[in-house]
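This report covers ring contacts and the main pocket. Please have the chain on screen while reading.

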Amino acid sequence: MASETVDDGEQTITIKEYLNEVEEEELEADLVLGGDEGKECTYTKGYMKRQAIFSCLTCTPEGNAGVCTACSLSCHDSHEIVELWTKRNFKCDCGNSKFGEFFCKLFPSKDVENVDNLYNHNFKGLYCTCNRPYPDPDVEEQVEMIQCCMCEDWFHEEHIGLESSNEIPRDEEGEPLYEDFICNACSAVCSFLSLYPPTMWAAVVQHSGSINTKKDKDVMQDIPSACGSEKPENGICSGSSPKKDDLMADTKSESLSGGKGFDTGESSEKKVGSNKDDISHTKCLLGENLVSDIPILPSKPLFLSKNWRDILCRCEKCLDMYNQKHIGYLVDKEDSIAEYEKTAKQKREEKLQQQEGSELSFLDKLGHVEKMEILNGIADMKDEFQTFLESFDPSNAVTSADVHQIFENLAKKRRRVE
C-alpha cells in the first residue's frame, strides 16, 4: 500500500516505507558522524583528521569553540547547538578556557586552549559570502549549499561566482558530477591546479532544456568547469605560457601512454605512504621549474573530478609547496569527505553485524524457560496481528488507536496467563 491521506488529513505510510525512512535517516546520521556513537569525548585522540563538530552558542555565543559529538549530547543537551558537519584537524574544546566556569562532563582535564584549531563564521551559525544562517528564517524555501573542501565554508549556488548555476557539473537528474568544490577565495591558493590535464576537472554537461525536466540526452558539449566557457589548450587553462604548454603536453602524453606521467590509484597511494627519500627521487609530474613559476589566474570556483587528489604530484618539491601553502591535507587520503563517508559505512556494517551476533548470543545464554517465554511472546504477537488483519477492512488506513488496541489485547492475554 502506497502512502495516502485519510479523511481527517493525517498522512499515512506503509510499514515498509517507514522502515526504509528510518534506515535512510540512520545511514545519513552515520555518514555525518563518521560512525561515532557519541559515547566518549574525542579529546584524547588529539587533532583528528576529520570528525563531526558542533558549536554551542549557549556557552560560546561568540562562536570561537567547537565540541565533539559526545560532548554535544552529554554536556550541551538542551543548549543552542549549531551542527557544523565535519571539520579537519580539530580537537574538542568542550570545557576549556573558552567555556568559563563550565567543565566537560566526559573529560574535564583539557588544555586551556587548542591552539591549532581553526574557526570561521560557521561557528556562529553563519555561512556563505552573504553571512546568513542556515536554515535562513527570512527565506521560505531553503536551498542546498555547497561546501568548499579547503576553507570548509558553505555557499549558496548563486553566491559562488558563476554567471549561471548551469555551470555547476551535474547529470541529467541534477546530481553532482564533481567530488570536491573549491571556492573563489581558495582557488587563488590553488593556481597550480591549472597545470594539470582536463581529467582533473569535472565536466559541465550542458543541455538545451532544464536539468530537472529535460530527460533526453541532447548533450551539446562537455566543458572542463575550471576553465569556464573556454576550451583548455594542451590540457591547461588559458593564462599559461607556451613553454608550460609544451611541458604539459609531454607530461599528458606520458600519462596516457602509461609512462612517467600522472600517477593514479594504487601507485599514488604508495608514494604517500613511502619515506621522504623515496619521494624525493620521484620526477615532478608538472615538469622542471613549473612549481616555482606558477601562472597567476583570475580567481574562480573550481569543481574537481572523482579521485582528483590521486592525480596530484607527490615529489619533494610539490610536497614542500603544499606545506608552504598550508594545504598538505590535499594529498592525505583520509582528509577527503569521500573517504570519511566510506569509513563511516564500514563502521555501520560492522555495528549491524555485531548487533546481529549479540542477539543470537543473548538467546544462546538464556535457559530453556526464558527461551520458551520469548518464543511464546513472539507467537502471541503474530497471532494477534493475524487476527487483526483478518477482521480489518483493507480499504481503511491503520490508525494509532488500532495499534494501541492490538497491544492492549496482548497485555490482557498476558494477564490471563499469569
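## Charges over rings

The model is predicted. Start with the charged side chains. Arg 88 sits over the face of Tyr 329, 3.7 Å from the ring centre. Lys 91 lies over the face of Tyr 43, at 4.6 Å from the ring centre.

## Aromatic pairs

The structure contains 11 aromatic pairs. One of them joins Trp 85 and Trp 154. Their ring centres are 5.3 Å apart, with 55° between the planes. The pair counts as tilted, because the planes are neither under 30 degrees nor over 60 degrees apart.

This pair links distant parts of the chain. Trp 85 belongs to strand S4 (residues 81–87) and Trp 154 to strand S8 (residues 154–155). The two are 69 residues apart. Both Trp 85 and Trp 154 are buried.

Elsewhere, ring pairs connect Phe 155, Tyr 178, Phe 181 and Phe 303 into a cluster.

## The largest pocket

The largest pocket has a volume of about 1400 Å³. Its lining holds 36 residues. Nearest its centre lie Trp 85, Glu 144, Met 145, Ile 146 and Trp 154. Thus the tilted pair, Trp 85 and Trp 154, appears again in this group.

Several elements give two or more residues to the lining. The helices are H1 (15–33) and H8 (337–365). The strands are S4, S7 (146–147) and S9 (180–182).

What is the make-up of the lining: how many nonpolar, polar and charged residues? There are 18 nonpolar residues, three polar and 15 charged.

Key:
Residues are numbered from 1 along each chain as its sequence is written. This is a predicted model: local features need pLDDT of at least 70, side-chain atom pairs count only at pLDDT 80 or more; totals for chains, interfaces and linings use all residues. Side-chain values use heavy atoms; hydrogens and water are left out. Rings of Phe, Tyr and Trp (its six-membered ring) pair if their centres lie within 6.5 Å; planes under 30 degrees apart count as stacked, over 60 as edge-to-face and the rest as tilted. Helices (H or I, at least four residues) and strands (E, at least two) are DSSP runs, numbered from the N terminus. Buried means under 20% relative accessible area, exposed over 50%, partly exposed in between (1.4 Å probe, protein chains only). A charge sits over a ring if NZ of Lys or CZ of Arg is within 6 Å of the ring centre and within 35 degrees of the ring normal. On a 1 Å grid over the protein atoms alone, a cavity is a set of points where a 1.4 Å probe fits but cannot get out, and a pocket is an open set with protein on both sides within 12 Å along at least five of seven lines; lining residues have an atom within 4 Å of a point. Grid points are joined across faces, edges and corners, and a volume is the space filled by probe spheres set on the points. Ala, Val, Leu, Ile, Met, Phe, Trp, Tyr, Cys and Pro count as nonpolar, Asp, Glu, Lys and Arg as charged, and the others, Gly among them, as polar.
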